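Student: Could you walk me through this model, and show me how each label is earned by its value and cut-off?
Tutor: Gladly; let's have the picture in front of us.

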Amino acid sequence: MRPDTHPRPCLRPCLRLRLRLRVGTAVLAASTALGLLVSGCEGLDGSDAPPGGHGPAAPGDGRTAGPLENPDGTKPGLAPVTTDTDRATARELIEGLRTKGRGPKTGYDRDEFGYAWMDTGDGVPLARNGCDTRNDLLRRDGRHLRFRTGSRCVVVAMTLDDPYTGTTVEWRKQQATDVQIDHVVPLSYSWQLGSARWPENRREQFANDPLNLIPVEGRANSAKSDSGPASWLPPDKRIRCAYAIRFTQVAVKYELPVTEPDKRTMLRQCGG
């Protein structure tokens, strides 16, 4: 019998098995390669590679602190409020605020709160460290900090994840107003609601207290001016309850009332 006439009962099943194995191996390899590609891309925008210009920022990135976890304002940022429990706590805190109408601005002047960004305010957590308040706050909230040559205080460049707009700002000192320090409870607002009668050192503390200060995108701060929450809220809606809590924390610490419309607005931001 010729060699090629020997019966081969398993030839076709074996060929089909080999084909399936080859296809399966190719699919597995493609799937693995795709997984590696995706996992590799996830790190491209990580903290070691700052984004350029103005782009979206993710609030609550693990570095920023929620207001209820940061009662003295020494931790960076302003993370969103995400749980029902925290929103209920926020409403309880806001409910405790006294209300009053805003008085006249008669006699108000920025100098009534001391010169800007002093390092000597009594009762200020970051005071008397050899660095002025503005630079303390840039160091607190900024990433990828660069300092003036020979200094560990004066920030000349940084990346800021702005909580108010939800964008990332690549800031350089040459364009200083691109990032401004917001008084959460504005100085003139406080003047109209009671700080006009405070002693000078109390106003200096208020103006330099990190609890009341957040570096933000400059245009957002300019748009806010001296508004209360009923007239202005952060453009990024995710942060509005956190902003209401911070406004309330400052008012409670300094025993300031707020207006009735401001109180109602803040309650709404936290589900009230």
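Student: Let's start with two helices. What describes the way α2 and α7 cross?
Tutor: Their axes come within 10 Å and cross at roughly 35°. Here an axis is a line fitted to C-alpha atoms, for helices over the stretch in contact, and the angle runs from 0 to 180 degrees between N-to-C directions. The names α2 and α7 come from DSSP runs numbered from the N terminus: H or I over at least four residues for a helix, E over at least two for a strand. We give both an angle and a distance because two packed helices are described by the angle between their axes and the distance between the axes.

Student: Is the crossing of α2 and α7 left-handed or right-handed?
Tutor: It is left-handed. That word applies if the near helix is turned anticlockwise from the far one by less than a right angle; clockwise would be right-handed.

Student: Which residues make the contact?
Tutor: From α2 come Arg87, Ala90, Leu93 and Ile94, and from α7 come Cys241, Ala244, Ile245, Thr248 and Gln249. Contact means heavy atoms within 4.5 Å. By class, this contact has six nonpolar, two polar and one charged residues. Ala, Val, Leu, Ile, Met, Phe, Trp, Tyr, Cys and Pro count as nonpolar, Asp, Glu, Lys and Arg as charged, and the others, Gly among them, as polar.

Student: What should I know about the numbering and the model?
Tutor: This is a predicted model, in which local features need pLDDT of at least 70 and side-chain atom pairs count only at pLDDT 80 or more, while totals for chains, interfaces and linings use all residues. Residues are numbered from 1 along each chain as its sequence is written, and side-chain values use heavy atoms, with hydrogens and water left out.

Student: Why is α7 called largely enclosed by the rest of the structure?
Tutor: Twelve of its 14 residues are buried, so the label follows. Buried means under 20% relative accessible area, exposed over 50%, and partly exposed in between (1.4 Å probe, protein chains only). Among the buried residues of α7 are Tyr243, Arg246 and Phe247. The partners they pack against include α2 (84-95), α5 (200-208), β6 (213-217) and α8 (260-269).

Student: What span does α7 have, set against the expected one?
Tutor: Helix α7 (residues 240-253) reaches 20 Å from its first C-alpha to its last, close to the 20 Å expected. The expected span is 1.5 Å times one less than the number of residues. Just after α7, glutamate 255 takes a positive phi of about 55°.

Student: Why is cysteine 270 called buried?
Tutor: Its relative accessible area is 0%, so it falls under the cut-off for buried. Cysteine 270 sits in the segment after α8. Leaving aside neighbours within four places in sequence, cysteine 270 is in contact with residues including Arg87, Ala90, Ile94, Cys241, Ala244 and Ile245. Cysteine 270 and isoleucine 245 are 25 residues apart in sequence, with 8.6 Å between their C-alpha atoms.

Student: And what of isoleucine 214: where is its place?
Tutor: Isoleucine 214 belongs to strand β6, and at 0% relative accessible area it too is buried. Its contacts beyond four places in sequence include Leu78, Arg140, Tyr164 and Arg246. Arginine 140 is 74 residues away from isoleucine 214 in sequence and 9.5 Å away, C-alpha to C-alpha.

Student: Why does aspartate 119 count as buried or exposed?
Tutor: It has 16% relative accessibility, so it counts as buried. Aspartate 119 lies in the loop between α2 and α3. Its C-alpha is separated by 4.7 Å from that of aspartate 132, 13 residues apart along the chain. Arg128 is one of its contacts beyond four places in sequence.

Student: Why does arginine 128 count as buried or exposed?
Tutor: At 54% relative accessibility, arginine 128 counts as exposed. Its phi is near 60°, a positive value in a residue other than glycine.

Student: What makes histidine 144 stand between those two labels?
Tutor: Its relative accessibility is 31%, so histidine 144 counts as partly exposed. Histidine 144 lies in strand β2 (residues 143-147) and has a positive phi of about 55° although it is not a glycine.

Student: How many helices and strands are there in the protein?
Tutor: There are eight helices and six strands. Buried residues make up 45% of the 272 residues.
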